[in-house]
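Biologist: I'm new to reading structures. Can you walk me through this one, a feature at a time?

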Amino acid sequence: MCGIVGGVTDRNIVPILLEGLRRLEYRGYDSAGLATLSSEGLQRRRAMGKIVELEGVCDAQAIDGHIGIAHTRWATHGAPSVANAHPHSVGKIAVVHNGIIENWAELKAQLEKDGRAFESETDTEVIAHLVESEYNKDQDFVAACRRAIAQLEGAYALGILCRDEPNTLITARMGSPLCIGLGVGEHFIASDVQALLPVTSRFIFLEEGDFAIVQKASVAITDAHGESVERPEKQSQLSADAVEKGDYRHYMEKEIHEQASVVAETVRGKTSAGRFLINTLGPEAPELLEGVKGVHIIACGTSFHAASVARYWIEHYAHLPCQVEVASEYRYRTTVVPEGTLFMTISQSGETADTLAALRHARSLGYCGFLAICNVPESSLTRESDLVFLTQAGPEIGVASTKAFTTQLAALLLITDGLAQFHGRDSLPDLSGLDNIESAIGQVLGLSERIRKLSEQFVDKHHTLFLGRGPLFPIALEGALKLKEISYIHAEGYPAGELKHGPLALVDEGMPVVAVAPDNALLDKLKSNLQEVRARGATLLVFADESAGFESADGIEVVGLPHCSEAIEPLIYTLPLQLLSYYVAVLRGTDVDQPRNLAKSVTVE
Ligand code: M6R
């Protein structure tokens with residue numbers, strides 16, 4: 001949510017900043033800007049819309065420099081506009097900021113009383129004024145930044161420049177991620193390593209409350225108490241082209257098709273004799289899981305849907321009570337935590353503000369352990385959790401989560417098996433489906449062309465219902481989220497048995513209904529539910545097991561899926577729903593990878 005990139009080097013920093021922004025664009029894309037210091041002094045360029053617009057402005061009004069900061073914005077305070085775009089500049093100071101300053105109104109009122117005038121509606125401009133006002137006291141840039149930051153309440157990742165200090169970039173973090181890219185005779189900052197992969201693979205990740213003075217030849221970090229600290233250097237395993245689209249039209253399309261390999265990679269080496277190797281979670285994991293008496297899982301959005309599938313699995317296979325909740329609700333309510341309850345979080349990015357806040361809140365509630373499923377090794381979530389299952393989805397750039405979700409499901413199935421090994425009664429999950437998961441996913445993705453044709457029937461629809469039962473109900477929810485997120489068609493997911501309690505009133509000829517129908521114990525129940533829908537005139541699209549006895553007929557289109565074991569049904573039946581949403585969005589001409597009003601990583605509340 002908003003992206004920062006900056007650096008100090010002997011090279012012209014502008015192409016590095018623009019490439020970094022392009023790589024961060026998925027974090028926010030309503031406006032962008034950059035500021036540099038050069039012989040011309042402090043220069044700034046800003047533009048509404050995507051990075052390409054900023055590039056146009058930089059071409060039209062040339063800009064260069066050896067030190068600079070840049071930002072791509074997802075609006076929080078103030079509408080998208082050039083005036084609200086970062087960097088915000090006051091006098092000799094320029095600032096880029098991710099996060100939300102909670103006491104900005106009080107600070108602004110005080111600054112206005114001091115005679116300062118504001119040009120934007122942002123909380124960030126308050127920071128620029130604060131630094132400038134402190135700088136005016138003693139012309140000590142570093143000290144001014146420290147004093148200004150000490151007055152901030154809320155979340156921030158910052159990059160700050162001063163016209164009088166052409167070799168010094170200040171950065172700090174609290175609640176929003178920030179890394180420092182290490183070069184030879186040059187250093188960089190970014191909210192995400194991906195921004196800097198073309199210039200370095202060596203990174204330092206700032207901790208909460210850290211403040212850093214970044215210069216060409218040095219990086220000096222102090223912690224939240226002002227003490228000098230060394231943070232470990234990490235080598236990123238990502239290649240610069242890991243975030244390229246290749247021959248695909250959209251990142252989402254690429255990421256859908258990567259699922260065969262990344263799900264296989266996520267489970268590789270994690271099982272022996274058909275059982276999850278619990279100690280791959282860490283040496284303390286077996287003892288912890290053995291003592292677990294219940295599980296609470298907290299997540300947001302698509303990750304919440306993965307958690308919702310896991311609830312069915314954990315209660316069925318491990319016979320443990322499992323409660324699942326969205327993080328934004330959990331963090332603000334009273335929760336009863338029975339003894340021996342394991343707290344689990346699920347997050348692709350590991351930086352989702354609500355999920356992180358829920359984890360921090362939960363720390364004082366008496367849980368027996370904290371386990372995270374995450375896709376980003378150096379994220380805040382992984383660093384703050386006791387045990388971590390790292391999914392191997394690789395960078396997910398499309399705002400709509402696809403491969404992150406299916407890798408989360410694979411991870412959850414293994415963790416369920418780990419719990420079931422201690423607590424299950426008679427039936428452990430059948431993990432054999434994971435042995436050939438790559439070809440199973442590949443087979444379903446082979447249906448792409450058929451699903452692309454079927455998507456034409458949805459293009460002019462205003463609403464769609466998605467139905468599933470049991471662990472496939474959260475898959476219906478996920479199918480609905482995908483469709484609304486990228487095609488802007490209103491969609492709802494329902495457990496098929498619930499329709500008659502209200503939503504059936506919505507069903508008529510204009511309401512397409514999509515159902516997922518694996519051949520499991522609930523199949524006959526689902527078939528009856530679909531009859532009820534068909535009887536009301538709805539057209540049905542059913543993704544069904546080839547052996548489930550569904551046949552296409554007037555008003556019913558059936559797409560057969562190869563039979564799969566029960567444990568991997570949620571994963572397999574997600575795939576056609578992703579493809580359907582993708583093709584509908586392409587036909588409707590929406591911005592598939594960067595849908596309106598959304599951003600990939602929601603690092604603000
Ligand atoms: O990074 P996280 O998994 O914590 O993100 C949670 C949600 O913001 C995310 O899944 C969101 O719902 C996706 N855009 C859905 O496609």
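Modeller: Sure, let's begin with a term: helices (H or I, at least four residues) and strands (E, at least two) are DSSP runs, numbered from the N terminus. This is a predicted model, where local features need pLDDT of at least 70, side-chain atom pairs count only at pLDDT 80 or more, and totals for chains, interfaces and linings use all residues. Residues are numbered from 1 along each chain as its sequence is written, and side-chain values use heavy atoms, with hydrogens and water left out.

Biologist: Where is P87 placed?

Modeller: P87 is in the loop between strand 4 (67–73) and strand 5 (88–90).

Biologist: And how do I read the backbone there?

Modeller: Most residues other than glycine have a negative phi, and most peptide bonds are trans. Here, the bond from H86 to P87 is cis, with omega near -5 degrees. A273 isn't a glycine, yet has a positive phi of about 50 degrees. You'll find A273 in the loop between strand 16 (271–272) and strand 17 (275–276).

Biologist: Which residues come nearest to the ligand?

Modeller: A residue is near a molecule if one of its heavy atoms lies within 4 Å of it. Of the 15 residues around the ligand, S303, S347, S349, T352 and E485 come nearest.

Biologist: How do I read polar contacts?

Modeller: Look for a pair of N or O atoms within 3.5 Å. One ligand oxygen atom is 2.7 Å from an N or O atom in the S303 side chain, and for the side chain of S347 an oxygen atom of the ligand is 2.6 Å from an N or O atom.

Biologist: Why does the ligand lie between two domains?

Modeller: Domain bounds come from an automatic or database domain assignment. Domain 2 (245–435) and domain 3 (437–605) both give residues to the ligand's shell, so it lies between them.

Technical notes:
A polar contact is a pair of N or O atoms within 3.5 Å; within protein, one must be able to donate a hydrogen and the other to accept it, and residues adjacent in sequence count only if both atoms are side-chain atoms.
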